[in-house]
Amino acid sequence: ALDLNRALADVSSLDVDAKGLKLLDATAKQYAMSYGGTAAEFVASSYAIQSGIAGLDASQLADFTRASNVLAKATKADAATMTNYAGTMYGIFKQQADAQGKSSWIEDVAGKSAYAIQIFKTSGTEMSAAFTALGANATSSGIKLEEQMAILGKLQATMSGSEAGTKYKAFLAGVGQATYSSVQ
């Protein structure tokens, strides 16, 4: 209880009001009962999300935290890595998230991420490293989230996540310079 109260106090320092803290507390306890872990760890991960993503309301903060923590359990990654992943993905796909609705978007991304990680036999940590290395390069080229996950997942069969992201980024940078004569 003391750890949970400390974590809630930390989150309140980020201008989360009493109503938001109450929602976060309830979501944390529900998560802990459903998935294990502690409510204090759950709330602590919400601090990183609120710090990294500006403009989340209390409901969105609870949704982002729940999705990140469930994704961590599903992919055998730690909550800090998946919290960082959620922030990275939001930064890359901000326009899509804002258009779709942030809470709906993070649920969608978490589900697609878990599925991609499963079918490509990688890990949450490696997929996070891949998107961190790739950044917004593919998105700014008009490549959809699902295609990016498929390419990065496939590349991870033979290399690490960060290397997959770097190679994909290099490919995107060089593909526009290819000519017919250089292909022959």
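**Group meeting: an all-helical predicted model**

Leu21 is buried, at a relative accessible area of 16%. I open with this residue and return to its surroundings shortly. Please keep in mind throughout that the model is predicted.

Let me first set out the overall architecture. The protein contains 12 helices and zero strands, and the order along the sequence is accordingly α-α-α-α-α-α-α-α-α-α-α-α. Along the principal axes, the C-alpha atoms occupy a box of roughly 65 × 30 × 20 Å. Of the 184 residues in the protein, 42% are buried. If we take the contacts between residues at least 6 apart in sequence, 63% of them link residues at least 24 apart.

As for the surface, the exposed area is about 9,500 Å², and carbon and sulfur atoms account for 55% of that area. The protein carries 15 positive and 16 negative charges, and the mean positions of the two sets lie 4 Å apart.

I now return to Leu21. This residue sits in helix 2, which spans residues 18-35. Which residues does Leu21 contact, once neighbours within four places in sequence are left aside? They are Leu8, Val11, Ser12 and Val16. There is also a relation to a residue at greater sequence separation: Ala58 is 37 residues away along the chain, and its C-alpha atom is 7.6 Å from that of Leu21. Leu21 is classed as buried because its relative accessible area of 16% falls under the 20% cut-off.

The next two residues both belong to helix 4. Gln60 is located in that helix, as is Asn69. Gln60 has a relative accessibility of 16% and therefore counts as buried. Setting aside residues up to four places away in sequence, Gln60 touches Gly55, Lys102 and Ser103.

Is Asn69 buried or exposed? With a relative accessibility of 4%, Asn69 counts as buried. Its contacts, again without neighbours within four places in sequence, are Tyr31, Phe42, Ser45 and Ala79. For the pair Asn69 and Tyr31, the sequence separation is 38 residues, and the C-alpha to C-alpha distance is 8.6 Å.

I turn next to internal space. How many cavities of 30 Å³ or more does a search of the whole structure find? The search returns one. The largest cavity has a volume of about 30 Å³. Its lining consists of Ala67, Ser68, Leu71, Met82, Tyr85, Ala86, Ile106, Val109 and Ala110. At least two lining residues come from each of helix 4 (58-75), helix 5 (79-92) and helix 7 (102-119). Helix 4, then, contributes to this lining and also holds Asn69.

Finally, I consider the largest pocket, which encloses about 170 Å³ of space. Two elements give two or more residues to its lining, namely helix 6 (94-100) and helix 10 (145-155). Which helix gives the most to this lining? Helix 6 does, with three residues. The full set of lining residues is Ile92, Phe93, Lys94, Gln95, Gln96, Thr139, Gly142, Ile143, Lys144, Leu145 and Glu146.

To conclude, the predicted model has 12 helices and zero strands. Leu21 in helix 2 and Asn69 in helix 4 served as two of our buried examples, with relative accessibilities of 16% for Leu21 and 4% for Asn69.

Definitions and conventions:
Residues are numbered from 1 along each chain as its sequence is written. This is a predicted model: local features need pLDDT of at least 70, side-chain atom pairs count only at pLDDT 80 or more; totals for chains, interfaces and linings use all residues. Side-chain values use heavy atoms; hydrogens and water are left out. Helices (H or I, at least four residues) and strands (E, at least two) are DSSP runs, numbered from the N terminus. Buried means under 20% relative accessible area, exposed over 50%, partly exposed in between (1.4 Å probe, protein chains only). Contact means heavy atoms within 4.5 Å. Accessible areas come from the Shrake-Rupley method with a 1.4 Å probe; for residues, only the protein chains shown count as cover. Lys and Arg count as positive and Asp and Glu as negative; His and the chain ends are not counted. The place of a charge is taken as NZ of Lys, CZ of Arg, CG of Asp or CD of Glu. On a 1 Å grid over the protein atoms alone, a cavity is a set of points where a 1.4 Å probe fits but cannot get out, and a pocket is an open set with protein on both sides within 12 Å along at least five of seven lines; lining residues have an atom within 4 Å of a point. Grid points are joined across faces, edges and corners, and a volume is the space filled by probe spheres set on the points.
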